[in-house]
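Open your viewer and get ready to click along with this tour. At each stop you will learn what to select and what to look for.

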Amino acid sequence: MTSALDADTATGIMDLLTRLRAEHGMTLVLVSHEPHVVERYADTVHLLDEGHLTGSGPASGSLLG
């Protein structure tokens, strides 16, 4: 989603989406290969491997480590 952007712009976009999510009670789905992005901006993570769910839990948990 933000991989083609410079770090400051990517952070700005993600912060904006986070604010909109909170203000409007929206759900935000992130698809990323960057665990630090998911851990910072998501509440829950679902791990996929070749299209199959292999794990699920809080984003701040050990699933991403």
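The tour goes from the whole chain to single residues.

**Before you start.** You are looking at a predicted model, in which local features need pLDDT of at least 70 and side-chain atom pairs count only at pLDDT 80 or more, while totals for chains, interfaces and linings use all residues. Residues are numbered from 1 along each chain as its sequence is written, and side-chain values use heavy atoms, with hydrogens and water left out.

**Stop 1: the whole chain.** Show the chain as a cartoon. You should find 2 helices and 2 strands, in the order α-α-β-β from the N terminus. Here helices (H or I, at least four residues) and strands (E, at least two) are DSSP runs, numbered from the N terminus. Along the principal axes, the C-alpha atoms fill a box of roughly 30 × 30 × 20 Å. Of the 65 residues, 18% count as buried; buried means under 20% relative accessible area, exposed over 50%, and partly exposed in between, with a 1.4 Å probe and protein chains only.

**Stop 2: helix α1.** Select residues 7–24. This helix has 18 residues and spans 26 Å from its first C-alpha to its last, close to the 26 Å expected at 1.5 Å a residue; the expected span is 1.5 Å times one less than the number of residues. Now add D6 and D8 at the start: a side-chain oxygen of D6 comes within 3.2 Å of the backbone nitrogen of D8. Just after the helix, click on G25, which has a positive phi of about 60°.

**Stop 3: the nonpolar core.** Which residues make up the largest nonpolar core? Select V38, A42, V45, A59 and L64, 5 residues in all. A nonpolar core is a set of buried Ala, Val, Leu, Ile, Met, Phe, Trp, Tyr and Cys residues joined through side-chain atoms within 4.5 Å. In soluble globular proteins, nonpolar side chains tend to be buried together. Centre the view on V45: leaving aside neighbours within four places in sequence, V45 is in contact (heavy atoms within 4.5 Å) with V38, G55, S56, G57, P58, A59, L63 and L64.

**Stop 4: two neighbours in β2.** Select G57 and then P58. Both belong to strand β2. Is G57 buried or exposed? G57 counts as buried because its relative accessibility is 13%, whereas P58 is exposed, with a relative accessible area of 52%. Beyond four places in sequence, G57 touches D43, T44, V45 and L63, and P58 touches D43, T44 and V45. Try a distance tool: the C-alpha atoms of G57 and D43 are 8.7 Å apart, with their positions 14 residues apart along the chain.

**Stop 5: the loop before β2.** Step back to E50, in the loop between β1 and β2 (52–58). Its phi is near 55°, a positive value in a residue other than glycine. E50 counts as exposed because its relative accessibility is 76%.

**Stop 6: the largest pocket.** Switch on the surface. The largest pocket holds about 640 Å³ of space. Of its 21 lining residues, the closest to the centre are L30, V31, S32, V45 and H46. The elements that give two or more residues to the lining are α2 (35–41) and β1 (44–49), and β1 gives the most, with 5 residues.

Technical notes: A polar contact is a pair of N or O atoms within 3.5 Å; within protein, one must be able to donate a hydrogen and the other to accept it, and residues adjacent in sequence count only if both atoms are side-chain atoms. On a 1 Å grid over the protein atoms alone, a cavity is a set of points where a 1.4 Å probe fits but cannot get out, and a pocket is an open set with protein on both sides within 12 Å along at least five of seven lines; lining residues have an atom within 4 Å of a point. Grid points are joined across faces, edges and corners, and a volume is the space filled by probe spheres set on the points.
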